[in-house]
Amino acid sequence: MSKALLYDATMCIGCKQCEAACAQQNKLPYDDRVAAESVQSEHKYTVVMTKDDKFMRRLCMHCERPACASVCPVGAFHKTKEGPVVYDVWKCIGCRYCMVACAFAQPKYEWGSLNPRVRKCIMCPDRVVAGKQTACAEICPTGATKFGDRDDLIKEAQDRIRDNPSNYQPRIYGLHEVGGTCVLILSGMNVEEYGYPASAKIGDTPMPEYTGRVMEKIPDFIPVWSLVLGGIYWISHRREEVAAAEGGEKNGSKR
Amino acid sequence: MKIKLTFWRVVFLLIMAMGLYSTFVRYFYGLGAVSNMTDQFPWGLWIGFDCLCGVMLAAGGFCVIGAVYLFNVERLHSVVRPAVLTAFLGYLLFIVGLLFDLGRPWYIWHQLIYMNPHSVMFEVGMCVIAYTTVLFFEFLPNVLERFNLKTPIKWINKIYAVLVVLGILLSTLHQSSLGSLYLIMPSKLHPFWYTPALPFLFFGSAIAVGLAMTIFESTQSAKALGRHLELPVLVELGGALLVALWVNALLRFEDYVHRGMLGQIIKPSYEAYFLWLELTLAFVIPITMLSFKKVRLSPQGLYLASVISLLGFITNRLNVSLTGFETYVGHHYMPKWTEFSVTLMIIAMGFALFGVAVKYLPIFPEEERAVKRSLPSEPEPEVATAVLSHAGD
């Protein structure tokens with residue numbers, strides 16, 4: 001069963017310890033200046049944003065059917081069975097299709113590097129495989145970020161909304177968006193106000209299906225189209241041969 | 001030997017100098033230093049122009065080959081070689097462009113070993129590799145003839161049917177797939193340009209552009225080589241272009257009707273201005289022009305109509321790849337001058353290589369090659385004014 005993270009914005013106190021733990025886990029620099037940055041970047045995989053005394057965290061959503069993995073020409077991204085969407089830097093050619101394709105705009109790039117890598121939260125795959133929590137969930141003092149089985153966390157989130165309906169928007173962001181994600185978000189405010197794409201806009205269809213509908217036709221298309229083209233070639237050249245044999249002028253047909 | 005400094009040679013040298021400086025910045029300071037690409041705008045001019053437009057502008061090869069070898073339009077036989085040359089150079093330069101744009105170009109060969117068959121980009125990559133190989137063999141007879149090597153030409157003629165079919169098949173696949181690349185971004189790309197019909201529209205416009213580009217390059221090279229223009233060829237191409245433009249225009253119209261967008265596209269907005277520009281250049285002006293028989297029978301008229309429609313389809317590709325994302329991102333993207341200079345350098349290389357090839361290889365029929373020579377580092381196709389000022393030539 002796939003693991004997931006439940007982030008409950010109503011429990012978050014904005015201490016940013018998740019940011020610091022994430023930086024430490026991924027060996028990234030973290031100081032007051034980085035802490036003050038309110039956007040994600042190649043050196044900041046997760047960010048806690050503040051708006052009117054309310055907080056909201058952003059990180060890679062770890063889609064059940066990730067766009068980044070489907071578009072990568074060399075398969076540098078893949079979804080692990082435990083849940084994390086991970087990146088094999090040694091395969092990457094740097095086309096940045098993953099960045100353009102991601103509905104949540106999560107992959108970031110090392111624009112200043114001469115051998116740049118794509119950077120994003122990879123959900124601490126080593127820890128997860130070892131049966132441990134992610135670094136951010138482990139350090140969270142209030143339990144706002146909680147690690148667990150996706151199904152359990154969904155149940156828990158539904159319970160929290162039912163028990164305290166006035167505190168929450170009546171939805172779990174990530175439950176159905178783009179076919180479901182392994183990061184689930186509960187909030188009193190609309191997550192869209194913090195820059196998350198609107199549910200209506202990204203829809204419930206897994207992103208790979210948009211291109212898959214076309215890609216799946218290609219194996220049939222190739223033989224059929226080759227036969228058609230070959231057939232036309234044969235017919236028009238047959239006509240030429242016949243014309244030559246009859247010694248007459250052949251007639252060119254036009255498309 | 002004394003090399004005369006003509007105006008266009010000076011321009012060529014300036015473009016190359018700036019391009020080489022930008023190349024240095026690209027490989028010694030990175031993509032961030034050389035471009036205005038950001039995490040919000042990870043694909044810039046190099047994808048929008050060098051890749052999308054570059055492949056589109058190289059479509060003349062498969063269009064003319066298809067017309068001549070599949071549909072027996074014998075009159076176009078004389079433009080097969082220049083069209084194949086343009087396509088071959090176009091794809092080589094597309095690969096050069098990729099080497100600038102890829103963050104880790106030294107791993108480009110990974111494409112061949114770490115395959116992801118679900119990826120549209122993978123499919124485009126494989127098709128481009130295969131098609132460039134096909135074009136190489138279609139181009140090779142020029143070189144073999146030059147050195148009078150008859151046996152290998154016979155081998156190539158034996159497999160020519162395969163090359164023709166394979167070339168058109170691969171072109172169909174990747175010209176349309178360049179549109180499919182954007183299918184995965186329904187929430188990002190502006191609805192004026194996001195449509196499930198993208199692969200069809202990209203393929204359809206590639207055919208129109210292939211015809212327009214053949215008219216453009218025939219006229220240009222005739223001028224540069226002091227050759228006399230074969231008007232019947234241009235007239236044939238012009239007629240086909242008119243049909244292709246109508247088909248494309250109807251496809252676009254049908255797409256907007258089907259998605260209920262007609263009300264939105266006539267309302268003024270930032271995107272609407274770019275869309276109007278695109279549709280005016282690609283369809284309204286050239287279709288109007290070509291509807292007059294006088295224009296269809298005049299080399300200048302055909303040239304001008306082709307150039308305008310080319311600019312329109314270039315605008316279309318840039319709208320799909322750049323304009324269409326600005327509202328989603330929330331700010332504008334303007335390429336840095338170093339990005340422009342790399343693009344200009346690649347285009348200039350294309351013109352120069354074309355000039356060298358037609359000078360030394362039997363691209364045009366021998367009797368028509370005049371003694372007059374010149375290195376045609378001509379104006380860049382996307383600079384409207386520069387090209388238009390030459391239209392009357």
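A salt bridge, as I use the term today, is a side-chain nitrogen of Lys or Arg lying within 4 Å of a carboxyl oxygen of Asp or Glu. With that in mind, please look at Glu110(A), which forms such a bridge with Arg117(A), the closest N and O atoms being 2.8 Å apart. I should say straight away that this is a predicted model, and everything I describe is computed from it.

Let me stay with that pair for a moment. Is Glu110(A) buried or exposed? Glu110(A) has a relative accessible area of 13%, and because buried means under 20%, Glu110(A) counts as buried. Its partner Arg117(A), with 33% relative accessibility, counts as partly exposed.

Over all chains, the structure holds 21 salt bridges, and I will pick out a few others. In chain A, the side chains of Lys91(A) and Asp88(A) meet at 4.0 Å, N to O, and here Lys91(A) and Asp88(A) are both buried. Also in chain A there is a network of salt bridges, which links Asp8(A), Lys146(A), Glu156(A) and Arg160(A).

In chain B, the example I chose is Arg81(B) with Glu145(B), whose side chains meet in a salt bridge at 2.6 Å, N to O. Which parts of the chain does this pair link? Arg81(B) sits in helix H5, residues 77-101 of chain B, while Glu145(B) sits in helix H7, residues 120-146, so that the pair, 64 residues apart, links distant parts of the chain. Arg81(B) is partly exposed, with a relative accessible area of 25%, and Glu145(B), at 36%, is partly exposed as well.

Now let us step back to the chains as wholes, beginning with chain A. Its secondary structure consists of 10 helices and nine strands. How does its radius of gyration stand against the globule rule? The rule gives 18 Å for 255 residues, whereas chain A has 25 Å, which is well over that value, so chain A is more spread out than a compact globule. If you follow the C-alpha trace along its principal axes, chain A spans about 90 × 45 × 35 Å.

Of the 255 residues of chain A, 52% count as buried. When we take the contacts in chain A between residues at least 6 apart in sequence, 59% of them join residues at least 24 apart. The accessible surface of chain A comes to about 11900 Å², and carbon and sulfur atoms account for 54% of it. As for charge, chain A carries 34 positive and 31 negative charges, and the mean positions of these two sets are 2 Å apart.

Chain B has 17 helices and zero strands. For its 393 residues, a compact globule would have a radius of gyration near 21 Å, and chain B has 21 Å, which agrees. Its C-alpha trace spans about 60 × 55 × 45 Å along the principal axes.

In chain B, 61% of the 393 residues count as buried. Among the contacts in chain B with a separation of 6 or more, residues 24 or more positions apart account for 77%. Chain B exposes about 15800 Å², with carbon and sulfur atoms supplying 73% of that area. There are 26 positive and 23 negative side chains in chain B, and the centres of the two sets lie 7 Å apart.

To finish, I would like to point to two residues of chain B that you can find for yourselves in the structure. The first one I chose is Leu102(B), in the loop between H5 and helix H6 (110-113) of chain B. Leu102(B) is buried, with a relative accessible area of 3%. What is Leu102(B) in contact with, leaving aside its neighbours within four places in sequence? From chain A, the list has Ile93(A), Gly94(A), Cys95(A) and Arg96(A), and from chain B, it has Arg26(B) and Ile108(B). Leu102(B) and Leu52(B) are 50 residues apart along the chain, and their C-alpha atoms are separated by 15 Å.

The other residue is Phe216(B), which has its place in helix H10, residues 198-225 of chain B. Phe216(B) is buried, with a relative accessible area of 3%. Between the C-alpha atoms of Phe216(B) and Thr23(B) there are 29 Å, and along the chain the two are 193 residues apart.

Technical notes
Residues are numbered from 1 along each chain as its sequence is written. Chains are lettered from A and ligands numbered from 1 in the order in which they are written. This is a predicted model: local features need pLDDT of at least 70, side-chain atom pairs count only at pLDDT 80 or more; totals for chains, interfaces and linings use all residues. Side-chain values use heavy atoms; hydrogens and water are left out. Helices (H or I, at least four residues) and strands (E, at least two) are DSSP runs, numbered from the N terminus. The radius of gyration is taken over C-alpha atoms; the globule rule is 2.2 Å times the number of residues to the power 0.38. Buried means under 20% relative accessible area, exposed over 50%, partly exposed in between (1.4 Å probe, protein chains only). Contact means heavy atoms within 4.5 Å. Accessible areas come from the Shrake-Rupley method with a 1.4 Å probe; for residues, only the protein chains shown count as cover. Lys and Arg count as positive and Asp and Glu as negative; His and the chain ends are not counted. The place of a charge is taken as NZ of Lys, CZ of Arg, CG of Asp or CD of Glu.
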